[in-house]
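Here's a quick tour of a single chain, from the overall fold down to one residue. Have the viewer open as you read.

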Amino acid sequence: MPDGLSKRLAGMDWTRLQQELDERGYAVIPALLDNEQCEKLISAYEDEALYRKTIRMARYSFGEGEYKYFSSPLPDLLQTLREGLYPELAKAANRWKERLGRGMSYPEQLSRFLALCQEQGQLHPTPLILKYEAGGYNCLHQDLYGDVYFPFQTVIALNQTGSDYAGGEFMLVEQRPRAQSRGHVIRLEQGEALVFPTQYRPVQGSRGYYRTTLRHGVSTITEGTRYSLGVIFHDAK
Ligand SMILES: O=C(O)CCC(=O)C(=O)O
Ligand SMILES: [Fe+2]
């Protein structure tokens, strides 16, 4: 199964993705997973052996809904996603590091980046599956789990807006220096992935690049149940 995914990743239009990331900070990858892959992930939601931790969001005032972190070793599909997306995103991360004049250098391979996480005691995998029922939502936040962090993350819609649920748009809010915040609303189709900045992005200004701060969340699900898959690259303490 991940063979098809590896091919899909290898055949992607990475040039366009790089351009979109630079121009607006985020990029959509159409049909990254097929419906069967999405449905398999959803049907494994109750298979507790796959997960290391369940978070009920209301308990921490994170929102309303639930998510589960996959345990190590990650299922093949998640390992393939993380490994396959990382190298191109690391190129973008290093380019942004130059533009922002801050941050670490990102190794070319995921395994080397994860070794850096390990050195800082960040040992636990962070990919997660989220489930929101009607009334659910995810407050604006950033996913930082220690000193080492990767500046991009990915979320994949596992079911279909319109037929499986209504509402539940992905929100990205960009806080600009000494200016009002700008909001982006992204409606993802089943199997589509969104690559977005974990914390900052460089924006071209009249005197070079400046930095905006990003937070993401999910608007209220008004009907049905929404499932999503989060692929975060840095591991957690
Ligand atoms: O459910 C979503 O679309 C967003 C999940 C999220 O916060 C994440 O993947 O980091
Ligand atoms: Fe998140």
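What share of the contacts in the chain with a separation of 6 or more comes from residues 24 or more positions apart? That share is 79%. Keep in mind that you're looking at a predicted model.

## The overall fold

Counting up secondary structure, the chain has 5 helices and 14 strands. Its radius of gyration is 17 Å, close to the 18 Å the globule rule gives for 237 residues, so the chain is as compact as a globular protein of that length.

Laid out along its principal axes, the C-alpha trace spans about 50 × 40 × 35 Å. As for burial, 34% of the 237 residues count as buried.

## The annotated domain

UniProt has something to say about residues 123-236: an unreviewed entry annotates them as "domain: Fe2OG dioxygenase". In the model, that span is 57% strand and 0% helix. The C-alpha atoms at the two ends of the span sit 6 Å apart.

## Zooming in on Arg52

Arg52 belongs to strand S2, which runs over residues 51-56. Is this residue buried, partly exposed or exposed? Arg52 counts as partly exposed because it has 14 C-beta neighbours inside 10 Å; a buried residue would need 20 or more, and an exposed one would have 12 or fewer.

Leaving out residues up to four places away in sequence, Arg52 touches Tyr69, Ser71 and His124. His124 falls inside the annotated span, residues 123-236. Tyr200 is another story: its C-alpha atom is 29 Å from that of Arg52, with the two positions 148 residues apart along the chain.

Methods
Residues are numbered from 1 along each chain as its sequence is written. Chains are lettered from A and ligands numbered from 1 in the order in which they are written. This is a predicted model: local features need pLDDT of at least 70, side-chain atom pairs count only at pLDDT 80 or more; totals for chains, interfaces and linings use all residues. UniProt positions are given in the numbering used here, feature names are shortened, and annotations may be inferred rather than shown by experiment. Helices (H or I, at least four residues) and strands (E, at least two) are DSSP runs, numbered from the N terminus. Two residues are in contact if their C-beta atoms, placed from the backbone, lie within 7 Å. The radius of gyration is taken over C-alpha atoms; the globule rule is 2.2 Å times the number of residues to the power 0.38.
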